[in-house]
Amino acid sequence: MANNEMKMHGKNTMPMKHDDMPGMNHDDMAGMDHGKMNHDDMAGMDRHDMANMGHSHMDMDDMGGSDMMMHGGQMMHMGNLKQKFWVSLILSLPVLLLAPIMGLNRPAFEFGNSIQAWIVVLFDTILFFYGGAVFLKGAKAELQSKEPAMMTLIAMGITVSYVYSLYAFVANNFLHPATMVMDFSFELATLILIMLLGHWIEMNAVMGAGDALQKMAALLPKTAHRLMADGRTEDVPVSQLQVGESFQVRAGESIPADGQVTDGTSTVNESLVTGESAAVAKKTGDKVIGGATNNDGTLTVAITGTGKSGYLSQVMQLVQSAQQSKSSAESKADTVAKYLFYAALVVGLIAFLAWLPQGLDVAFARMVTVFIIACPHALGLAIPLVVARSTAIGAQNGLLIRNRQAIEASTQISHVLLDKTGTLTAGKFTVNALVPTNATDEKMLLARLAALESSSTHPLAQAIVGTAKRQNVAYQPATDTQNLPGVGIKGTIDGTQYTIVNAKYLTAHQIAFDEKSANEWASKGNSVSFLLQDNTVQGMVAEGDTIKPGAKELISGLQQRGITPVMLTGDNPQAAKHVADLLGLTQFHASLLPDDKQKMVAQYQKEGHHVIMVGDGVNDAPSLAQADIGVAIGAGTDVAIDSADVVLVKSDPHDILHFLDLAKITNRKMTQNLWWGAGYNILAIPLAAGILAFAGIILDPAVGAILMSLSTVIVAVNAMGLKASKIAA
């Protein structure tokens, strides 16, 4: 799998905390090399084009599981497989009823005149060019890329069946040979139907490559309030914004472009973009990211990045580039089909030459029989049936498997990289400590904190208010409250003014506080705030994220399976180490910028490791797409989910172990089915060629048809043997 390395110039290398992300230099991200995009129409497209184009240039639906298939490294438009299957089923009915059954001399119904033959050849032709078009196009792409596989093998089978059936029709109705020439119309119809069904089942299990890009484009508003020279604003399409201009963003609106705040104060919800749950306070000089949501207040923003230089646009291109590189991987069935194609071709030609001394008709019939018997009926269903069964079982157990290749890739996984916030931790703040001073008891401290924070929507504030309610601590909302950007909040309680501040404020104003205790709680990953009355500290509150249930079991389970878990976080190293110690992690990477996660995945892959990436935010989308297997937390963003191969519906990290167990069993079933599907061909092809003719044993097409049907039944029964009980924890 190709690695998509990013070329960064002048990147901000400061450690990233929850509030640090606005300080990153998004303009510097414009130097990334994202590789070739999937479609030529998208090569020059910026994120604003995608947000406003109505997808007229890029039909996202056509990229979905029913319309796009990857074969031989080529993405091909396959038409609607579901529709093709049902229409082909109707078209095949006359053939199945009127053509000789599987090499036998008699059809199910017989008119006794040439009209029957004309009907069969007519529907043969329609079926071949309509239902078979999928495989003919696929074979063309495989051969152009010099990678013949399943599509080529199928195309060879249906083409030989159709052409030879036309020859049989002409010979039997116009040339009148001494013996009837057998046709393969029945084989043509059944092969097209079974292969369409198999690929339909398969495509239902494959992710839609365009979903993530749609969700990312939807994060941006369609219009922006551009600031004019006279101070008024005008609403313009986002695509018209230029670097150097300014816009206003009001409470509740999405930010249309990257920029720097020049006026106003507010808090911004960046969770859809960064995956971090905490609202971020913004004031003059702070950076904002296009796609984030302005919670309250009005901000005036000078634009620093639009189009390809915007952060969200870079994420979109990274997702697309990583998906493209991963989708070229060969499946096991395609590998088997490739060798079967070569084997059938070589054996068929050898059989033709070997039987040629006995007559051209005999040699031609023997070669055609080899090609027909090589048709991968069972092989075409071997993988899709198991995958369909596996995905159904996964869904029942909180696992949404969106990409079949994730199951196959699971056998090689050596490392699982886990985003911290929202994956290993709940992503919701809780009050971990209340430390009162100056004769203020814990209950009184909590009541005053809740009174000040009662009107705030900030996650830290809501954690305090929620704790007060759960402990039945009575309080009256403070009056005259006022946000202090970058500091906290102040207000009046019972005629006395109180202020909630951070340690930086206390140090700057030389106000004494218990630094040892504050540092101790901060080193555990907590956000520490202080309650002030005048210039006296009344107490301290420490709030932090909580470890998710199942997270510790996940780490130990991975280690027991010989897989190395690695935590990735933007938090400071002290907080990261605290969480790592709680979980029993031996490896972690802290102070990561959002794009660093994708580079981290690429670095592990460059070192020869096979990687699962687990995350939940838009900033995780590139790394999810880059990884050998991307796993999204179900409670995360739509973009993360659409970039992933597997979704944990219940947001329980322990379900990663369930996926690995299910994948192990599924791979075993797939291997068994491949042997059943290929085993039939390994036995039948030499017999059809006449390798045992000296002993009087030549595989009759009718017997070959029976073996073909039997192998298909065995494959189906074996797939149904996949049981949900085998992954129950």
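This section describes the fold, two sheets and one surface patch of a predicted model.

The protein chain contains 24 helices and 24 strands. Of its 729 residues, 56% are buried. Contacts were considered at a sequence separation of 6 or more, and 69% of them link residues 24 or more positions apart. The exposed area of the protein chain is about 29900 Å². Carbon and sulfur atoms supply 57% of that area.

Two open sheets were examined. Strands of a sheet pair through backbone hydrogen bonds, in either a parallel or an antiparallel sense. One sheet has six strands, in the order E4-E3-E5-E11-E6-E9. Its pairing is antiparallel. Strand E4 (233-237) and strand E9 (287-288) stand at the edges. Each has a single partner strand, so one side of each lacks a neighbour in the sheet.

Within this sheet, the pairings can be followed strand by strand. Strand E3 (residues 223-227) runs antiparallel to strand E5 (residues 246-249), and two bridges join them. Here arginine 226 stands opposite phenylalanine 247 of E5. E5 also pairs with E11, again in the antiparallel sense, over four bridges. In that pairing, valine 249 has leucine 299 of E11 as its bridge partner. On E11, five bridges are found with strand E6 (residues 258-263), and this pairing too is antiparallel. Threonine 300 in E11 is the bridge partner of aspartate 263. Strand E11 itself spans residues 299-305 and is mostly covered. Six of its seven residues are buried.

The other open sheet also has six strands. Their order is E14-E19-E18-E17-E16-E15, and the pairing is antiparallel. Strand E14 (430-436) and strand E15 (479-484) form the edges, each pairing on one side only. From one strand to the next, the twist averages 20 degrees. At the E15 edge, four bridges join E15 to strand E16 (residues 488-493). These two strands run antiparallel. Glutamine 482 has lysine 490, in E16, as its bridge partner.

The loop between helix H15 (459-470) and E15 holds glutamine 476. Glutamine 476 counts as exposed because its relative accessibility is 64%, and the cut-off for exposed is over 50%. Glutamine 476 and isoleucine 493 are 17 residues apart along the chain. Their C-alpha atoms are separated by 7.9 Å.

A nonpolar patch was found on the surface. Trp118, Val170, Phe174 and Leu175 make up this patch, which covers about 440 Å². Helix H5 (residues 150-175) gives the most to the patch, with three residues. Leucine 175 is a residue of helix H5. With a relative accessibility of 59%, leucine 175 counts as exposed, because exposed means over 50%.

In summary, the predicted model has two six-stranded open sheets with antiparallel pairing. In one of them, strand E11 is mostly covered and pairs with both E5 and E6. In the other, E15 is an edge strand, and the loop between helix H15 and E15 contains glutamine 476. Helix H5 gives the most to the nonpolar patch.

Methods. Residues are numbered from 1 along each chain as its sequence is written. This is a predicted model: local features need pLDDT of at least 70, side-chain atom pairs count only at pLDDT 80 or more; totals for chains, interfaces and linings use all residues. Side-chain values use heavy atoms; hydrogens and water are left out. Patches are made of residues with over 30% relative accessible area and no salt bridge: like charges are joined within 9 Å, nonpolar side chains (Val, Leu, Ile, Met, Phe, Trp, Tyr) within 5 Å. Accessible areas come from the Shrake-Rupley method with a 1.4 Å probe; for residues, only the protein chains shown count as cover. A salt bridge is a side-chain nitrogen of Lys or Arg within 4 Å of a carboxyl oxygen of Asp or Glu. Buried means under 20% relative accessible area, exposed over 50%, partly exposed in between (1.4 Å probe, protein chains only). Two strands pair if DSSP finds at least two bridges between them. Axes are lines fitted to C-alpha atoms, for helices over the stretch in contact, and angles run from 0 to 180 degrees between N-to-C directions. Contact means heavy atoms within 4.5 Å.
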